[in-house]
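Before reading on, please take a moment to look over the sequence and the model shown here. The paragraphs below begin with a single residue and then widen to the strands and the chain as a whole.

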Amino acid sequence: IVDNGMQGVTVVPIDRDGNILFVREYLTGAGEYQLGLCKGGIEPGHTPEETAQRELQEEVGYKARRLDKLAEVFLHPAYTTAKTHIFLARDLQESKLAGDEGEELEVVPYPFKDFERLTDSGEIHDARIIAALYLAKRFLEKET
């Protein structure tokens, strides 16, 4: 088991129009551009909530007035202790921070109610992203 203490965040940002704000970025492991959610590693001395807000500002250009923690999941528990904290971000306000990506990320709004079309078509196939979207769906269904 690799215990590197690595933790990160994955954020599902939903705007006032009910769109998920995806980011399209080049993923080296996949060798292609893909739609994903804002995400990043938690730096020492920072909380998951602080990290979620920072990543949201760096990658999507917003900060959340409402940030709900949906889950904390292991990435590959058979081999590593690495985990990610999944958040739902709403009531967004513009707030851009400079990011650490090598290129400008493209923000792609997509209706939250239709996200399963992206998983069904294979356009999204990152397990972390799929889990985060379904957790957000379940959370929002319980809220109503």
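A convenient place to begin is His 76, which is found in the loop between β5 (62–74) and β6. In this predicted model, His 76 is partly exposed, with a relative accessible area of 41%. Although His 76 and Ile 1 are 75 residues apart along the chain, their C-alpha atoms are separated by 10.0 Å.

From that loop, one can step back to the overall layout. The secondary structure of the protein chain consists of 3 helices and 7 strands, and, when these are read along the sequence, they follow the pattern β-β-β-β-α-β-β-β-α-α. The radius of gyration of the protein chain is 15 Å, close to the 15 Å given by the globule rule for 144 residues, so the chain is as compact as a globular protein of that length. Taken along the principal axes, the box filled by the C-alpha atoms is roughly 40 × 35 × 35 Å.

How much of the chain is buried? Of its 144 residues, 43% count as buried, while the accessible surface comes to about 8000 Å², with 50% of that area belonging to carbon and sulfur atoms. If one considers the contacts between residues at least 6 apart in sequence, 66% of them join residues at least 24 apart. As for charge, the protein chain has 17 positive and 27 negative side chains, and the centres of these two sets lie 6 Å apart.

The strands can now be taken in turn, starting with β1, which covers residues 7–13. Of the 7 residues in β1, 6 are buried, so this strand is largely enclosed by the rest of the structure. Which strands pair with β1? With strand β6 (residues 83–94), β1 pairs in the parallel sense over 7 bridges, and within that pairing Val 12 has Leu 88 of β6 as its bridge partner. With strand β4 (residues 38–41), by contrast, β1 runs antiparallel, and 4 bridges join the two; here the bridge partner of Val 9 is Gly 40 in β4.

Strand β2 (residues 19–27) likewise has more than one pairing to follow, beginning with the 6 bridges that join β2 to strand β7 (residues 106–111) in an antiparallel arrangement. In that arrangement, Ile 20 has Tyr 110 of β7 as its bridge partner. A further 5 bridges connect β2 with strand β3 (residues 32–36), and these two strands also run antiparallel, with Tyr 26 standing opposite Tyr 33 in β3. Together β2 and β3 form a hairpin with 4 residues between them, and in the turn Gly 31 has a positive phi of about 70 degrees.

A positive phi also appears at a residue other than glycine, namely Asp 91, where the angle is near 55 degrees. As background to that value, most residues other than glycine have a negative phi. Asp 91 is placed in strand β6, and, with a relative accessible area of 44%, Asp 91 is partly exposed.

Asp 91 leads on to Arg 65, a residue in strand β5. Leaving out residues up to four places away in sequence, Arg 65 touches Arg 90, Asp 91 and Gln 93. One of these, Arg 90, is 25 residues from Arg 65 in sequence and 6.6 Å from it in space, C-alpha to C-alpha. Is Arg 65 buried or exposed? The relative accessible area of Arg 65 is 55%, and because exposed means over 50%, Arg 65 counts as exposed.

Strand β5 also contains Ala 71, whose relative accessible area of 18% makes it a buried residue, since the cut-off for buried is under 20%. When neighbours within four places in sequence are set aside, Ala 71 is in contact with Thr 84, His 85, Ile 86 and Leu 135. Gly 41, for its part, is 30 residues from Ala 71 in sequence and 16 Å away in space, C-alpha to C-alpha.

The last stop is helix α3 (residues 127–143), where Ala 127 has its place. Ala 127 counts as exposed, at 59% relative accessibility. Between Ala 127 and Tyr 79 there are 16 Å in space, C-alpha to C-alpha, and the two residues are 48 apart in sequence.

Technical notes: Residues are numbered from 1 along each chain as its sequence is written. This is a predicted model: local features need pLDDT of at least 70, side-chain atom pairs count only at pLDDT 80 or more; totals for chains, interfaces and linings use all residues. Side-chain values use heavy atoms; hydrogens and water are left out. The radius of gyration is taken over C-alpha atoms; the globule rule is 2.2 Å times the number of residues to the power 0.38. Buried means under 20% relative accessible area, exposed over 50%, partly exposed in between (1.4 Å probe, protein chains only). Contact means heavy atoms within 4.5 Å. Accessible areas come from the Shrake-Rupley method with a 1.4 Å probe; for residues, only the protein chains shown count as cover. Lys and Arg count as positive and Asp and Glu as negative; His and the chain ends are not counted. The place of a charge is taken as NZ of Lys, CZ of Arg, CG of Asp or CD of Glu. Two strands pair if DSSP finds at least two bridges between them.
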